[in-house]
Amino acid sequence: DDKGVVLIFTFGLRGSTFPNMIAHHAIPVTLSICESLLEELGVKTTAGATFGKVYCGVVGGSKRHEFAALGPSVNLAARLMSPKTNSGVILVDKNVRLLTSQIFFKPLPAVKAKGYTESVPIFEPVMAGENEWGQTKTNIVGRETEIKEIMRVAKDMALSRIASKFLFVSAASG
């Protein structure tokens, strides 16, 4: 088809759910597969990750059939992986972002997606080591504890569902 090779992964099918499924399994495994395909085979990939209820089962007739995952979240994942939308490796919808607090997500401009009247908010996961949060600048001396506390508060604020967020820091110089 026009998309080339398409792989569909499901995490959390009935009977196979784990705590922190998205943060500990789905996002890291997806990134690992994309990185391995690039390193091992030179194949650049993109991925779309969504969360939602889907039909998982056999579709087709008795002579030609397949096991499929069907539903709005599968369709949205396909839209997010399209090169027109995705210039990175993996994009996620707001449901994935809201379901994990172990991964930071960088908000990107909302996209128009077929089948959706409103623009769809999308996010890109920022894995440990890639983000700049919490990294102490070398020219700051003796403020590691304060910086860690500020970063903790900022992370809590970023992950909260409160629309208005403000952090004020006042301290002596030096």
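Q: Which residues does Phe-105 touch, not counting residues up to four places away in sequence?
A: This is a predicted model, where local features need pLDDT of at least 70, side-chain atom pairs count only at pLDDT 80 or more, and totals for chains, interfaces and linings use all residues. Residues are numbered from 1 along each chain as its sequence is written, and side-chain values use heavy atoms, leaving out hydrogens and water. Contact means heavy atoms within 4.5 Å. With that rule, Phe-105 touches Val-92, Val-96, Arg-97, Thr-100, Phe-123, Glu-124 and Pro-125.

Q: Which element gives the largest share of the largest nonpolar core?
A: A nonpolar core is a set of buried (under 20% relative accessible area, 1.4 Å probe, protein chains only) Ala, Val, Leu, Ile, Met, Phe, Trp, Tyr and Cys residues joined through side-chain atoms within 4.5 Å. The largest one here has 13 residues, and Phe-105 is among those with the most contacts inside it. Two or more residues come from each of α1 (21-41), β1 (47-49) and β4 (90-93). The largest share, five residues, comes from α1.

Q: Which residue forms a salt bridge with Glu-124?
A: Side chains of opposite charge can pair when their charged atoms come close. A salt bridge is a side-chain nitrogen of Lys or Arg within 4 Å of a carboxyl oxygen of Asp or Glu. The structure holds one, and with the closest N and O atoms 3.4 Å apart, the partner of Glu-124 is Lys-106.

Terms used. Buried < 20%, exposed > 50% of the residue type's maximum accessible area, 1.4 Å probe, protein only. Helix = DSSP H or I, 4+ residues; strand = E, 2+ residues; numbered from the N terminus.
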